[in-house]
Amino acid sequence: MALTITNVKVVRTAPQGNQQLVVVKIETSDPGLYGWGCATFTQRAATVVTAIEEFVKPFVIGWDPQRIEDIYQAALTSSYWHSGPVLNNALSGIDEALWDIKGKLANMPVYQLFGGKAREAVDLYTHASGETFEQVADNIRALTERGFRHVRAQVAVPGYATYGSRAAGNARSWEPAPYVRIVPKLFEYLRTHLPEDIELLHDIHQRIPPIMAIGLAKELEKYRLFFLEDPFAPEDNEYFHILRSQTAIPIAMGELFVNPAEYVPLVKDRLIDFMRVHISDIGGLSIARKLAAYCEFFGVRTAWHGPADVSPIGHAANLHLDLAVHNFGIQECTIFNDANREVFPGTPEIRDGYLWANDQPGLGIDVDEEKAKKYPWPDQPLRGGWAPLRRADGTINRQ
Ligand code: GCO
Ligand code: MG
């Protein structure tokens, strides 16, 4: 009998506390055969659930789950207007679940389907922050003692709400100038006080005027960062030409991208060094695999987005691609808590600063649906959306 998709189930859970995870299960006409995919977009989580339940689910039921590319293209083009983080996450839930199923059918881990291991494990970076330079340095030392070789460093800006490190007092106001003044001092301190072989990273988080980001990038060049992340918002992509002509600091960009029109030109023109899209936000593993291959021809390495608002299934998807592509660069990691591991058996393991895959077929990760219910989404007034961030004069700022 032909194999078909019989059901699509959406699981909402929040084992990490405030992160509203959305994961998708595809069930098939073979009773034991199912797959899981990540569809997590925390600030609009319930909207993704609607997109899946109302549109994607009725669309894919009855299809042959083996036809991953065909289903992807058909579901993508089933709305004349497509792309965007909501629809892409809905597609990703399906696409990653189909790769999981494909692996189970082949009795192989997904990295085998992608060509097999190109490395044994995946080198990670994690985050250190603090209210003072000393605190940041201490936190970096503690992480290196746990085996991490790459650490992203962010420091609080006194009196302001700074991404990555909140100052005491819970400020909600943000000004770019004090941030841009403090960051080079942080790296001067870190390079003076830490061993030189620690790889340091920093995330601007697209919150400052483009010309200030260029100035900051130039100032930071001498501190030998592994990369500087998101200097601009995607809308300001053209500024990369100006940045690139002025500094050789390695640039990572991409967690906000949702459409090939945003990332294809940056690679072709060799304007970035690390492609760090959020895989579920561009549509899942199928498109990410193509993107990785395209980047390889231009000397651009991968650095997929890996924060806590990617589910453990999304982290497993990152890992399988990381293991198989030649141009792997680095992987951002989340140190998952016990509740996450309880809900998601098979969550990839971190050892010695590397992420390790198990050798189970598919993505090697499952969901305990009963345990998932123990961690419902929190009751938040903005349902995961962010409250406004304002400049001192009241102007809204990106965050
Ligand atoms: C990172 C990111 C995240 C984002 C978050 C938004 O580099 O890991 O910038 O921390 O801020 O994913 O929801
Ligand atoms: Mg970032």
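A nonpolar core is a set of buried Ala, Val, Leu, Ile, Met, Phe, Trp, Tyr and Cys residues joined through C-beta atoms within 7 Å. In this predicted model, the largest such core has 119 residues. The chain itself has 399 residues, and 48% of them count as buried. Ligand 1 is surrounded by seven named residues, discussed below, among them His205.

**Overall fold**
- The chain holds 14 helices and 13 strands.
- Its C-alpha atoms fill a box of roughly 65 × 45 × 40 Å along the principal axes.
- The radius of gyration is 21 Å, and a compact globule of 399 residues would have one near 21 Å, so the two agree.
- Take contacts between residues at least 6 apart in sequence: 70% of them join residues at least 24 apart.

**Nonpolar core**
- In soluble globular proteins, nonpolar side chains tend to be buried together.
- Within the largest core, Val23, Val48 and Ile94 have the most contacts.
- Helix 3, residues 85-106, supplies the largest share of this core, with nine residues.
- Both domains contribute: at least three core residues come from domain 1 (5-109), and at least three from domain 2 (112-361).
- Val48 touches Val22, Ala39 and Phe41. It also touches Val86, Asn89 and Ala90. Residues up to four places away in sequence are left out of that list.

**Around ligand 1**
- The surrounding residues are Thr42, Asp203, His205, Glu255, Pro307, Asp309 and Glu332.
- By class, this shell has four charged residues, two polar and one nonpolar.

**The loop with His205 and Gln206**
- His205 sits in the loop between strand 6 (199-203) and helix 7 (210-220). Gln206 lies in the loop between strand 6 and helix 7 as well.
- His205 is not a glycine, yet its phi is positive, at about 65 degrees.
- Gln206 is not a glycine either, and its phi is positive at about 50 degrees.
- Are these two residues buried or partly exposed? His205 has 19 other C-beta atoms within 10 Å, so it counts as partly exposed. Gln206 has 21 within 10 Å, so it counts as buried. The cut-off for buried is 20 or more.
- His205 thus joins two topics: it is one of the residues around ligand 1, and it has a positive phi.

Note on methods: Residues are numbered from 1 along each chain as its sequence is written. Chains are lettered from A and ligands numbered from 1 in the order in which they are written. This is a predicted model: local features need pLDDT of at least 70, side-chain atom pairs count only at pLDDT 80 or more; totals for chains, interfaces and linings use all residues. A residue is near a molecule or strand if its C-beta atom, placed from the backbone, lies within 6 Å of it. Ala, Val, Leu, Ile, Met, Phe, Trp, Tyr, Cys and Pro count as nonpolar, Asp, Glu, Lys and Arg as charged, and the others, Gly among them, as polar. A residue is buried if 20 or more other C-beta atoms lie within 10 Å of its own, exposed if 12 or fewer, and partly exposed in between; C-beta atoms are placed from the backbone. Helices (H or I, at least four residues) and strands (E, at least two) are DSSP runs, numbered from the N terminus. Domain bounds come from an automatic or database domain assignment. Two residues are in contact if their C-beta atoms, placed from the backbone, lie within 7 Å. The radius of gyration is taken over C-alpha atoms; the globule rule is 2.2 Å times the number of residues to the power 0.38.
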